[in-house]
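Biologist: Before I form an opinion of this fold, could you take me through how its features should be read, beginning with burial and moving on to strands and rings?

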Amino acid sequence: MKIHHMQLGALGANCYVIETGDRRCIAVDIGGDSERFLSFLKSKNLTLTKILLTHGHFDHTGGVESVRKATGAEVFVHVDDAKMLQSAVDSLYMHIQLGEFAPVSEFIAVEEDSCITDGDCRITVIGTPGHSEGSVCYVCGNVMFTGDTLFCGSIGRTDFPGSNPLDMKHSLQKLYQMDKDFRIYPGHGESSTLENEKRTNPYMRGFR
């Protein structure tokens, strides 16, 4: 599996492009800079088919509508965060207001254990609420895209509207109990492995 990484948008959220075969690809989170993202696809001769959103905050979704219109890619988001895609208030965009808010007009709502397939990639949706009500992780093979649930050495904030510290604790415990060691690609910061986070992340120490 070939994974490309870039930081997009005003807050530099991580965006991942996963090649799924036959010059097809999917993207995880497009936080802004849609023209830059589209130029990247063109430079690699890739066709974007799907956009997977780890949650609905603007710094992970700001470039989605422009890219969706340009490519026709399907957009997937957890049902509990779907409202954020059409609200400057719910997506927290009102706190930064850089340019005009671009609501996502077409998307597919998914739930826990939903399966998304594209080319050689079969993706499972893992519900991990806490940072937001509809935060998810996406698992494909030995790779997990953790959004703002789990970072290298830290976790996402739980003091936003819709955040819940107790839900976050339960979500982290769910990840801790997974037997497989995944390479994790978070919404901010550098990549890590699940085993490394189990050993060193202070927010996971209580589950030992």
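Biologist: Is Glu65 buried or exposed?

Modeller: In this predicted model, Glu65 counts as buried because its relative accessible area is 6%, and buried means under 20%. Glu65 is found in helix H3, and, leaving aside its neighbours within four places in sequence, Glu65 is in contact with Ala102, Pro103, Val104 and Ser105.

Biologist: How should I read the sheet, and which strands stand at its edges?

Modeller: The general idea is that strands of a sheet pair through backbone hydrogen bonds, in either a parallel or an antiparallel manner. Here an open sheet of 6 strands follows the order E1-E2-E3-E4-E5-E6, and its pairing is mixed. Strand E1 (2-8) and strand E6 (108-110) stand at the edges, and each has a single partner strand, so one side of each is left without a neighbour in the sheet. On average, neighbouring strands of this sheet are turned by 25 degrees against each other, direction ignored.

Biologist: How many bridges join E5 to E6, and which helix packs on the sheet by touching E4 and E5?

Modeller: Strand E5 (residues 74-78) and E6 run parallel and are joined by 3 bridges, with Val77 standing opposite Ala109 in E6. Helix H1 (residues 34-44) packs on the sheet, where it touches E1, strand E2 (13-21), strand E3 (24-28) and strand E4 (47-52), and its direction makes about 155 degrees with that of E1. The helix that touches E4 and E5 is H3 (residues 64-71), which also packs on the sheet, with a direction that makes about 145 degrees with that of E4.

Biologist: Along strand E7, which side chains point to one face and are buried?

Modeller: The side chains of strand E7 (residues 115-118) alternate: Ile116 and Asp118 point to one face and are buried, while Cys115 and Thr117 point to the other and are not. E7 runs antiparallel to strand E8 (residues 121-127), to which 4 bridges join it, and Cys115 stands opposite Thr124 in E8. In the hairpin of E7 and E8, which has 2 residues between the strands, Gly119 takes a positive phi near 55 degrees.

Biologist: Turning to the rings, how many aromatic pairs does a search of the whole structure find?

Modeller: The search finds 5 aromatic pairs. One aromatic pair is formed by Tyr93 and Phe101, which are tilted, at 5.4 Å centre to centre and with 50 degrees between the planes. Tyr93 is buried, its relative accessible area being 10%. Elsewhere, Tyr16, Phe145 and Tyr185 form one aromatic cluster, and Lys198 lies over the face of Tyr176, at 5.5 Å from the ring centre.

Key
Residues are numbered from 1 along each chain as its sequence is written. This is a predicted model: local features need pLDDT of at least 70, side-chain atom pairs count only at pLDDT 80 or more; totals for chains, interfaces and linings use all residues. Side-chain values use heavy atoms; hydrogens and water are left out. Rings of Phe, Tyr and Trp (its six-membered ring) pair if their centres lie within 6.5 Å; planes under 30 degrees apart count as stacked, over 60 as edge-to-face and the rest as tilted. Buried means under 20% relative accessible area, exposed over 50%, partly exposed in between (1.4 Å probe, protein chains only). A charge sits over a ring if NZ of Lys or CZ of Arg is within 6 Å of the ring centre and within 35 degrees of the ring normal. Two strands pair if DSSP finds at least two bridges between them. Axes are lines fitted to C-alpha atoms, for helices over the stretch in contact, and angles run from 0 to 180 degrees between N-to-C directions. Contact means heavy atoms within 4.5 Å.
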